[in-house]
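This briefing is intended for reading alongside the sequence and the three-dimensional view. It proceeds from the whole chain to individual strands and then to one loop residue.

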Amino acid sequence: MLGEPRVVVIGAGPAGLATLKALADRGVSALCFDSGDRPGGLWVLGAPGSSAYRTLHLNTSRRRTEFADHPMPVEWPDYPDHTRIAEYLAGYADRFGLGDSIRFRHTVRQVTRCDDGSWRVTADGPDGPVTVAAEAVVVANGHNSTPRLPTPPHPGTPAVEQLHSHDYRGPEQLAGRRVLVVGGGNSAMDIAVDASHTAATTLLSLRRGVWIVPKYLLGKPSDSLNGALARRLPWRVRQRISQAMITAAVGRPERYGLPAPAHGFLQDHPTLSDTVLSRITHGEIGVRPGISRIDGSTVTFTDGRTEPVDLVVWCTGYRVEIPFLDPALLSPGPDALHLYRHVFPLDTTGLFFVGLMQSTGSALPVVEAQARLVAAHLAGEYALPDPAAQRADCAADLRAATARWGGRRPAMRIDFDAYLALAARELAEGVRRRRAGRGVAYGAPPRPTAQTAAVVPTQGESA
């Protein structure tokens, strides 16, 4: 058994590193397990669970992505590649002395709640299994490592090679082939552009419309403009302004043969690309609707057209799985957890989540803010509201998220700028609660509360 810290952090990607730093700032001892051999998580090409590929770049600008206390070099481009981001995260770990707290090449297999309220964490390491007892556990290992394929599969008897974007590493996998890329997210656009330069033919299939945002508007990174608006305007007003700017700059998606978005801008994760629309207009990428069936190497689309393909690249996202936790702790599901401020479970003390969200912007400032909440709470400096207030807040948050984003994982959705402002207010209010002796301080038994607060039912997400 390893030495026993107060807290075990699972994952040494951006969320885990931010958590280790925040805990160290508050004097809370921690130990981190990570399955890779260096810090950085998914940004490290070839690391366990990483979905990075050689042409991967940030799709949020440098200044809107960096940690507040560790700026990226000013000489870097606005949208650095994965190599620079991995270097940046390793530099963050070095600068704040986080490496000594990380056990690399350790994969967490089980996290168990003990009768006394403490936790036992078991991990497989290079020298065999190790077990650690701790007061608390922070789950910070991300949720983009288990590929999600269409369920149920499309009708037909496919004989074509199929690849999920999680296993894509570079354009050489596409060279000389008839490639069909399926999906409308950032990875789909990147891979379709890669294919358009190396494949024999490139098709892009979307079953629903997305807003494609150029990386620059009015000569500035496009997310910086939305950030400026967010400090002054509600999202509905920002939506109208941003949508008008995008339409003026590049036109609506239908102009390029893409399906019309069913919702307005800012009601789904943004898709950023400066190149995909150009490759479409130059005839290097053919746009197709959703797939109807696959027979052999022939794909039939919902508009009746058929195309011969050699390779289907599924850019259909990821399942949220946390296999080392008891499913009872994840009810009603890991992508539908009721978490106060997207961090604190309503009915389980000593367990925290950092990074279990889907942001309209970068993840790094968000996980930094979440880590500070966790650390302040564990240090006894920040008190949560009473359980009934937490539950009511979660229900209201879920109703608002469902109204904005529909049934696609509303419990995980956050507005980047609004959440950062909310987290800052929450920390200040929680410190005041603690000083006034109100709310729930860490280690205090929660007061009994009704378990029947209304939550909005949501639809299951489909592939």
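**Structural briefing**

The mean positions of the 50 positive and 45 negative charges of the protein lie 6 Å apart. The model is a predicted one. It contains 10 helices and 26 strands. The radius of gyration of the protein is 23 Å, close to the 23 Å that the globule rule gives for 463 residues, so the protein is as compact as a globular protein of that length.

**Overall dimensions and surface**

- The C-alpha trace of the protein spans about 65 × 55 × 50 Å along its principal axes.
- Of the 463 residues, 53% count as buried.
- The accessible surface of the protein amounts to about 19,800 Å², and 51% of this area belongs to carbon and sulfur atoms.
- Among the contacts in the protein with a separation of 6 or more, 67% are accounted for by residues 24 or more positions apart.

**The five-stranded parallel sheet**

- Strands of a sheet pair through backbone hydrogen bonds, in either a parallel or an antiparallel sense.
- In this protein, five strands make up an open sheet with parallel pairing, in the order β3-β2-β1-β7-β24.
- The edges of this sheet are β3 (102–103) and β24 (351–353), each of which pairs on one side only.
- Strand β1 (residues 7–10) runs parallel to strand β2 (residues 30–33), and four bridges join the two.
- V9 has C32 as its bridge partner in β2.

**The antiparallel strands β4, β5 and β6**

- Strand β4 (residues 107–113) pairs with β5 in the antiparallel sense over six bridges.
- The bridge partner of T112 in β5 is R120.
- Five residues lie between the strands in the hairpin of β4 and β5, where G117 takes a positive phi near 90°.
- Strand β6 (residues 128–134) also pairs with β5 in the antiparallel sense, over seven bridges.
- The hairpin formed by β5 and β6 has two residues between its strands.
- In the pairing with β6, D124 stands opposite P129, and G125 stands opposite G128.

**Burial along β5 and β6**

- In a regular strand the side chains alternate between the two faces of the sheet.
- Strand β5 (residues 119–125) shows such alternation: W119, V121, A123 and G125 point to one face and are buried.
- R120, T122 and D124 point to the other face of β5 and are not buried.
- R120, the bridge partner of T112, therefore belongs to the face of β5 that is not buried.
- Strand β6 is mostly covered, with five of its seven residues buried.

**The loop residue N144**

- N144 is placed in the loop between β7 (136–139) and β8 (146–147).
- The relative accessibility of N144 is 31%, and because partly exposed covers the range between 20% and 50%, N144 counts as partly exposed.
- Leaving aside residues up to four places away in sequence, N144 touches G49, S51, H166 and Y318.
- G317 lies 173 residues from N144 along the chain, yet the C-alpha atoms of N144 and G317 are separated by 7.6 Å.

Key
Residues are numbered from 1 along each chain as its sequence is written. This is a predicted model: local features need pLDDT of at least 70, side-chain atom pairs count only at pLDDT 80 or more; totals for chains, interfaces and linings use all residues. Side-chain values use heavy atoms; hydrogens and water are left out. The radius of gyration is taken over C-alpha atoms; the globule rule is 2.2 Å times the number of residues to the power 0.38. Buried means under 20% relative accessible area, exposed over 50%, partly exposed in between (1.4 Å probe, protein chains only). Contact means heavy atoms within 4.5 Å. Accessible areas come from the Shrake-Rupley method with a 1.4 Å probe; for residues, only the protein chains shown count as cover. Lys and Arg count as positive and Asp and Glu as negative; His and the chain ends are not counted. The place of a charge is taken as NZ of Lys, CZ of Arg, CG of Asp or CD of Glu. Two strands pair if DSSP finds at least two bridges between them.
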